[in-house]
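Trainee: I would like to go through this structure one item at a time. Please give the cut-offs as we reach them.

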Amino acid sequence: MSAAPARTPGTAAAPTVGPVPAVDAVPLSRRTALALALTSVVGLLAFGWPLLVGATSALAAGTQAPLVLGVVLVGVLAVFLVAVNDGGIDVKAIAMLGLLSAVGAVLRPLAAGTGGVETVFVVMLLGGRVFGPGFGFVLGSTTMVASALLTGGVGPWLPFQMLGASWLGLGAGLLPRRLRGRVELAALAAYGAVAAVLYGVAMNLSFWPFQLGAGTGLSFEAGAPLAENLSRFALYSVTTSLGWDLGRAVTTAVGVALLGRPVLAALRRASVRAAFGPASAHPA
């Protein structure tokens, strides 16, 4: 049996490195989880209606569909945010949301428009990872709203962008919290790359029925079999935005790999100092 190390008289013992706290800055109570699930279901319908709508539906030929669905999405997102507020969101969490949303809003116009580069996704991924899935979901929405107000990009597409970004932040928070170090960065980078491509596909789906008009081989055809419309949409996405989506995926993965370690450490130090609500301990 080895002897315990001797301590120099008059010196304090070195602090023990304990477990890293896992923080839910926006706790998901049963009510907020239900509101989040409702929001996601409505969002899936808003994105996926072109694949489900019949030929005689009012949406089939209505160019006002994006506006109608956008209003619906804003409504359900508002319901979720109210539920979050009722659940007792910490004022320090609101401050952190404001800070990260402002950072994302400033970063987005600096890169958007160049080969699909979206540095703002890195902020949402790292914020959702450290502060939990509820925080990540809200951060996605607030960041998109802030950047739209900053750049004048408010339009029928904004609610779809908000929900897509919210899902991205939510997923980062749902990754296994036991992951740390290089494994954590690799998982975040891989998730971010896949999510960036899916975000682009979802945005394509939101305006695909209205961009090309009728009569082309890539056009939406109301009431056509699901397989046919899926085939048309897949061809449309590959020919119009695949290169853009892959650029976004690479940018996101590289951004997480380069900035993830110091930013995660800084955000975790901030979370310890802020002491958001109840926290559960997980191994470092």
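Trainee: In which helix is the place of Leu 168?

Mentor: This is a predicted model, in which local features need pLDDT of at least 70, side-chain atom pairs count only at pLDDT 80 or more, and totals for chains, interfaces and linings use all residues. Residues are numbered from 1 along each chain as its sequence is written, and side-chain values use heavy atoms, with hydrogens and water left out. Helices (H or I, at least four residues) and strands (E, at least two) are DSSP runs numbered from the N terminus. On that numbering, the helix that holds Leu 168 is α6.

Trainee: Is Leu 168 buried or exposed?

Mentor: Buried means under 20% relative accessible area, exposed over 50%, and partly exposed in between, with a 1.4 Å probe and protein chains only. The relative accessible area of Leu 168 is 3%. Leu 168 is therefore buried.

Trainee: How far apart in space are Leu 168 and Val 194?

Mentor: In sequence, 26 residues separate Leu 168 from Val 194. Taken C-alpha to C-alpha, their distance in space is 9.9 Å.

Trainee: What span should helix α1 have, at 1.5 Å a residue?

Mentor: The expected span of a helix is 1.5 Å times one less than its number of residues. Helix α1 covers residues 30–48, which is 19 residues. Its end C-alpha atoms are 27 Å apart, in agreement with the expected value of 27 Å.

Trainee: Which parts does the salt bridge of Arg 177 and Asp 24 tie together?

Mentor: A salt bridge is a side-chain nitrogen of Lys or Arg within 4 Å of a carboxyl oxygen of Asp or Glu, and the closest N and O atoms of Arg 177 and Asp 24 are 2.5 Å apart. The two residues are 153 residues apart in sequence, so the pair ties together distinct loops. Arg 177 is buried at 16% relative accessible area, whereas Asp 24 is partly exposed at 31%. The parts are the loop between α6 (158–174) and α7 (181–211) for Arg 177, and for Asp 24 the loop between β1 (20–23) and α1.

Trainee: Which residues are linked with Glu 184 in a network of salt bridges?

Mentor: Arg 129 meets Glu 184 at 2.6 Å, N to O; this pair links helix α4 (residues 120–131) to helix α7 across 55 residues. Arg 180 also meets Glu 184, at 3.8 Å, N to O. Arg 129 and Glu 184 are each buried at 3% relative accessible area, and Arg 180 is buried at 18%. The residues linked with Glu 184 in the network are Arg 129, Arg 180 and Arg 268.

Trainee: Is the crossing of α4 and α7 left-handed or right-handed?

Mentor: Axes are lines fitted to C-alpha atoms, for helices over the stretch in contact, and angles run from 0 to 180 degrees between N-to-C directions. The axes of α4 and α7 come within 11 Å and cross at roughly 130°, which makes α4 oblique to α7 (under 35 degrees is roughly parallel, over 145 roughly antiparallel, 65 to 115 roughly perpendicular, the rest oblique). A crossing is left-handed if the near helix is turned anticlockwise from the far one by less than a right angle, and right-handed if clockwise. For α4 and α7 the crossing is right-handed.
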